[in-house]
Amino acid sequence: MDEHGALTTPADDPTLVLLKVEEAAHRLRIGRTTCYALIRAGALESVMVFGLRRVPADAVPDYVTRLRTAQRVA
């Protein structure tokens, strides 16, 4: 729990540099399968670390920025 009594998850930790796919999905409020689909499509950056798929924490807001920009143009 945080200082306000709200439940926190590892995905909410702003100090993380790399996120599990599930944590990135949590931040985006989408499902794990959808998050993997975004990674496969190249829309969401990810890296492999010793065989583990990780999403750079800054890739999540970058993805949202690209979505917002694309929707403004459309």
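The largest nonpolar core of this predicted model comprises 14 residues. Within it, the residues with the most contacts are Ala24, Cys35, Leu44, Val55 and Val60. Three elements give two or more residues to this core: helix H1 (21–28), helix H2 and helix H3 (59–73). The most comes from H1, which supplies 4 residues.

**Packing of H1 and H2**

H1 and H2 pack with their axes 9 Å apart, at an angle of about 100 degrees. An angle from 65 to 115 degrees counts as roughly perpendicular, and the two helices H1 and H2 are therefore roughly perpendicular to each other. On the H1 side the contact is made by Val21, Glu22, Ala24 and Ala25; on the H2 side it is made by Arg32, Cys35, Tyr36 and Ile39. Sorted by class, this contact of H1 with H2 has 6 nonpolar and 2 charged residues, and no polar ones.

Cys35 belongs both to the H2 side of this contact and to the core residues with the most contacts. Leaving aside neighbours within four places in sequence, Cys35 is in contact with Val21, Ala24, Ala25, Ile30 and Leu44. Among these partners, Val21, Ala24 and Ala25 are also named on the H1 side of the helix contact.

**Val60 and Ser46**

Val60 lies in helix H3, whereas Ser46 is placed in the loop between helix H2 (32–40) and strand E2 (47–49). The table sets out the relative accessible area of each.

| Residue | Place | Relative accessible area |
|---|---|---|
| Val60 | helix H3 | 6% |
| Ser46 | loop between H2 and E2 | 18% |

Buried means a relative accessible area under 20%. Val60, at 6%, is therefore buried, and Ser46, at 18%, is buried as well.

Not counting residues up to four places away in sequence, Val60 touches Leu19, Ala24, Arg27, Leu28, Leu44 and Val55. Of these, Ala24, Leu44 and Val55 are among the core residues with the most contacts, as is Val60.

With the same exclusion of residues up to four places away, Ser46 touches Ile39, Arg53, Arg54, Val55 and Pro56. One of these partners, Arg53, is also joined to Ser46 by a polar contact of 2.9 Å between the two side chains. Another, Ile39, is on the H2 side of the contact with H1.

Val55 appears in the contact lists of both residues, touching Val60 and touching Ser46. In sequence, Val60 and Ser46 are 14 residues apart; in space, their C-alpha atoms are 10.0 Å apart.

Note on methods
Residues are numbered from 1 along each chain as its sequence is written. This is a predicted model: local features need pLDDT of at least 70, side-chain atom pairs count only at pLDDT 80 or more; totals for chains, interfaces and linings use all residues. Side-chain values use heavy atoms; hydrogens and water are left out. Buried means under 20% relative accessible area, exposed over 50%, partly exposed in between (1.4 Å probe, protein chains only). A polar contact is a pair of N or O atoms within 3.5 Å; within protein, one must be able to donate a hydrogen and the other to accept it, and residues adjacent in sequence count only if both atoms are side-chain atoms. Contact means heavy atoms within 4.5 Å. A nonpolar core is a set of buried Ala, Val, Leu, Ile, Met, Phe, Trp, Tyr and Cys residues joined through side-chain atoms within 4.5 Å. Axes are lines fitted to C-alpha atoms, for helices over the stretch in contact, and angles run from 0 to 180 degrees between N-to-C directions. Angles under 35 degrees count as roughly parallel, over 145 as roughly antiparallel, 65 to 115 as roughly perpendicular and the rest as oblique. Ala, Val, Leu, Ile, Met, Phe, Trp, Tyr, Cys and Pro count as nonpolar, Asp, Glu, Lys and Arg as charged, and the others, Gly among them, as polar.
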